[in-house]
Structures are given as C-alpha cells and as structure tokens.
Amino acid sequence: MYYEKPYYLAPTKGGDKVYSLLRQALEATDKVAVATFVMHQRQHLCAISPQGKSLMLLTLRFADEVLPDAGKSVSAKISAPELSMAKQLVQSMQGNFTATKFKDTYRADLKRRVQEKIRKKETHSLDVEEPKGEERPKAQVIDLMAALKASLKKSGGSAERKAPQKSAKTRKRA
C-alpha cells in the first residue's frame, strides 16, 4: 500500500564503485535501503532495491498519506464446504506472474465498440447548447506614455524635458 512509482537509478561520473557496492550489499543481505529525496520541490520517501544489475528507487507514500482501514467488520458466515471449494478455485488459478501477459485493453475495446456502432449506424447527433455565461471582461489597455507623463506631472517634473542648451562658447568648441 505504500509503493507509488519505480525509477531506475544510474551512477553519475565517478560513482560506479559506490553504486555497485550498494547494489551488491543490498542483494547479498536481501535488504532494501529506505531514504528520502527531493524531486519537483517536494520531499519523497523511497526504498532502494537491487533489480538485476541496477538499483531501483521505489517512491513510497508517507504514513499520513495512507488512508486507514474503514474498520467495517465483515461477519458473513462461511461454511466449511464453501471455504474448501474457494480454496480449490484459488489453487487451480495459481501460477507464476508474467507481466507481459497483462495488457491495458480498455482503450482498444472502446475504439472497437465505437467503430461497431458506426458500422451498424447506431449513432445519433447530440444537440449541445453552449453554456450561457457572462462575457469575460476585456483586459484594460493602458497607454504607457500617457501614464508616464501623468506620473511625471504629479511628481512635479516636466513630461517633456529638453536637452540642456549649449552656450555659444560651448558650441564652437564642440
């Protein structure tokens, strides 16, 4: 209930030995490391475990993120023959887990069903009424130059300052 997402870890430059040492030590002791790290400006809890020749980081949920059991007690009476039959059913269905045997078929099934309805002409058009809502207010466009001139007038400065006039003496030297 605590597992969230898996990530493969890889050593950075110069970290090969430490990475291999940690992976081999965890594998030899049949242990996992528990740590915290920060990703996307959030602290995460994780377990690091050996996975083949790599290390896998499994993000975990913090205890306060796991909902408690609803606590509803189930008190249905089960007879011995019912339990025996259920056990036989479970045992007849057991086997090794092979992830490649499981596929997400929902999208393909939905697409097939839609195509089937189109082929059988079991479609109809929907009259969708546009939602009536207030018009969004338009952004107010401000004339920046006018605002700056008004601000300068308020502060007592001149909106249009002229360049200082050079005296006749200065003009000749320049």
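## Terms and basis of the model

A residue is called buried under 20% relative accessible area, exposed over 50%, and partly exposed in between, with a 1.4 Å probe and protein chains only as cover. By that scale R113, at 35% relative accessibility, counts as partly exposed. The structure is a predicted model, in which local features need pLDDT of at least 70 and side-chain atom pairs count only at pLDDT 80 or more, while totals for chains, interfaces and linings use all residues. Residues are numbered from 1 along each chain as its sequence is written, and side-chain values use heavy atoms, with hydrogens and water left out.

## Overall architecture

The chain has five helices and four strands, these being DSSP runs numbered from the N terminus (helices H or I, at least four residues; strands E, at least two). Their order from the N terminus is β-α-β-β-β-α-α-α-α. Of the 174 residues in the chain, 10% are buried.

## Helix 1 and its cover

Helix 1 (residues 16–29) has 14 residues, which at 1.5 Å a residue should span 20 Å, and its end C-alpha atoms are indeed 20 Å apart; the expected span is 1.5 Å times one less than the number of residues. The buried residues of this helix are Y19, R23 and L26. Seen down the axis of helix 1, they fall within an arc of 70 degrees, so they line one face of the helix, the arc being that of the directions from the helix axis to the C-beta atoms.

Strand 1 (3–9), strand 2 (33–39), strand 3 (42–51) and strand 4 (54–60) are among the elements that cover these buried residues, with contact meaning heavy atoms within 4.5 Å. K17, V18, L21 and A28 are exposed on the other side of helix 1. The helix is followed by D30, whose phi is positive, near 55 degrees.

## Salt bridges

Six salt bridges are found in the whole structure, each defined by a side-chain nitrogen of Lys or Arg within 4 Å of a carboxyl oxygen of Asp or Glu. In helix 1, R23 pairs with E27, the closest N and O atoms being 3.2 Å apart, and the two residues lie four apart, about one turn of the helix. R23 is buried, at 12% relative accessible area, whereas E27 is partly exposed at 45%.

In helix 3, E116 and R113 are three residues apart, about one helical turn, and they form a salt bridge whose closest N and O atoms are 3.1 Å apart. E116 is partly exposed, at 21% relative accessibility. E122 forms a salt bridge with K117, with the closest N and O atoms 3.5 Å apart. Salt bridges that share partners join R112, R113, E116 and K120 into one network.
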